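Biologist: I'd like a close look at a single part of this protein, and then some idea of how that part sits in the rest. Could you walk me through it?

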Amino acid sequence: MSEPAHRHVLPADMISVEEARARILAHFAPLEAVPAPLLETLGQVLAEDVRGGFDIPPLANTSMDGYAVRAADTTGAALASPRRLRVTGYLAAGSVYDGSVGPGEAVRIMTGAPLPDGADAIVPFEETDEEEQSTRWEDDPRPDVRIDVAAAPGANVRPAGEDVRAGELVLPAGTILGPGQIGVLASLGLEQVTVIRRPRVAVLSTGDELLRPGEPLRPGAIYDSNGFSLASMVRELGAEPLVLDIAGDSVEALTARVREGVADADLLVTSAGVSRGDFDVVKEVLAREGEVGFWTVRMRPGKPLAFGTFSAGEGERVVPHLGLPGNPVSAMMTFELFGRPAVFTMLGKPQAWERPRVRAVAGERIARPDERRFYARAIVERRDGRYHARLTGPQGSGVLTSFALANGIAVVPEDAPAVEPGDEVEVLLIDRVTEPES
Ligand code: AMP
Ligand code: MG
């Protein structure tokens, strides 16, 4: 039996992106729940059910600056037939009125102040003679007020418990905390809540050629960009990057750094040293220090990938290790496809890693360079009700600016050699899409 001519023979250990991701995610689970101050919890997952301890607002209060009245006293009030009520007091937000509003009386009241006993409606300033006064009330308190509009019972009154009822389940465990949720927690009077802890992700750049930005450039050297792009991706996800010092291509340097990273992190991410290069000692160190597998993933950019585990401390804690390729685009793309889901899983948001997928019209030919699935960096726009994608420019795995320009990743699948201009291509949206005004 002969192979069909078009079929490439793949190395036996070549696995799909999905297979690699499934193997990796099998090593991750949500981290423990810890108490955290409210302001530190943005983007984290709530680990407890939060109930209201009291009504919010605790007391019925006014939603307008105005006069607290008995609605019945205003019946029939109109510009042509206003009513006059005696002003018996003044109430600012923050205190409770210690008297009550009797028939024919009104209390001047500021937004948020509790409704005084006896009153059942608020007449806003706009419906009184308030605006006609030339002096400030504080300097010249007036004995009475003219009511120009009749108030219905309950007018401009926010009932107690309008927002939250005592005992009510307000936010269930599993809620992702955004600004609105954090505001609600504060309104309940909570200083801290229990959330799934932020993962610490050690990021290690390896290679004798690497310089730290700020150091003088020397022949043969390049600046470490992976450490920065990867640490930023980690931070963007809501995890805490621990950026380790660059390790040269020596077994000693690498071993020391790897141990340092593992001691303190929930995940170690390294870049470079996993390809077939002579000085790529990462492989050797990894194999000695922990359990590691080297995979060839059917994707481009970013074919070589290492994944393994280390035991930290007394062999109690197992720290997964993701060994990314060194090329800057490959490092980012593999972190996008494998590191991001792992971090989201640790954060307790296992589904959140999925990027929005859209079908876009290809503005140019996007060809796979080989048989592997091609993840092209693309600029996506919305025009005439459709998404349109074009490449960011040259797509080499060293062309990092291609990532800097991209708001989408166009995926040319294994089963088609190219997407032709005008064809639809699947795009993962990694940033906002603009729609030019027409
Ligand atoms: P390697 O995986 O060590 O063969 O590296 C592949 C390519 O990526 C080489 O051109 C390296 O110089 C480059 N590279 C490796 N690490 C980094 C890094 N941290 N920042 C920028 N480029 C890198
Ligand atoms: Mg190298």
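Where is Asp-208 found, and between which strands?

Modeller: Happy to. Keep in mind that this is a predicted model. Asp-208 sits in a loop, with strand S13 (200-205) before that loop and strand S14 (210-211) after it.

Let's stay with Asp-208 for a moment. If you skip its neighbours within four places in sequence, the residues in contact with Asp-208 are Arg-218, Gly-248 and Asp-249. With Asp-249 there is a polar pairing to look at: a polar atom of the Asp-208 side chain lies 2.8 Å from the backbone nitrogen of Asp-249. You can see the two stretches of chain meeting in the backbone too, as the C-alpha atoms of Asp-208 and Ala-247 are 7.5 Å apart, although 39 residues separate the pair along the chain.

That kind of long-range pairing fits the wider picture. Take the contacts between residues at least 6 apart in sequence: 71% of them join residues at least 24 apart.

Now move along the chain to Glu-209, which brings us to the ligand. Glu-209 is among the residues that come nearest to ligand 1, together with Asp-224, Ser-225, Ser-275 and Gly-326, out of 17 around it. A polar atom in the side chain of Glu-209 is 2.5 Å from an oxygen atom of ligand 1. Asp-224 also uses its side chain, where an N or O atom is 2.8 Å from a nitrogen atom of the ligand. With Ser-225 it's the backbone that takes part: one of its polar backbone atoms lies 3.0 Å from a ligand nitrogen. On its own, ligand 1 has 490 Å² of accessible area, and the protein covers 78% of that. As for the make-up of the shell around the ligand, nine residues are polar, five are nonpolar and three are charged.

Zooming out, the protein has 28 strands and seven helices. Its C-alpha trace spans about 100 × 60 × 50 Å along the principal axes. The radius of gyration is 32 Å, whereas a compact globule of 438 residues would come in near 22 Å. Of those 438 residues, 47% count as buried. The protein exposes about 21,400 Å², and 51% of that comes from carbon and sulfur atoms.

So to go back to your starting point: Asp-208 lies in the loop between S13 and S14, and has Asp-249 among its contacts, while Glu-209 puts a polar side-chain atom 2.5 Å from a ligand oxygen.

Definitions and conventions
Residues numbered from 1 in each chain as written. Chains lettered and ligands numbered in written order. Predicted model: local features only at pLDDT ≥ 70, side-chain atom pairs only at ≥ 80, totals over all residues. Heavy atoms only, no water. Near = heavy atom within 4 Å. Polar contact = N/O pair within 3.5 Å; in protein donor to acceptor, adjacent residues only side chain to side chain. Areas by Shrake-Rupley, 256 points an atom, 1.4 Å probe, with all protein chains shown as cover. Nonpolar A, V, L, I, M, F, W, Y, C, P; charged D, E, K, R; others polar. Helix = DSSP H or I, 4+ residues; strand = E, 2+ residues; numbered from the N terminus. Rg over C-alpha atoms; globule rule 2.2 N^0.38 Å. Buried < 20%, exposed > 50% of the residue type's maximum accessible area, 1.4 Å probe, protein only. Contact = heavy atoms within 4.5 Å.
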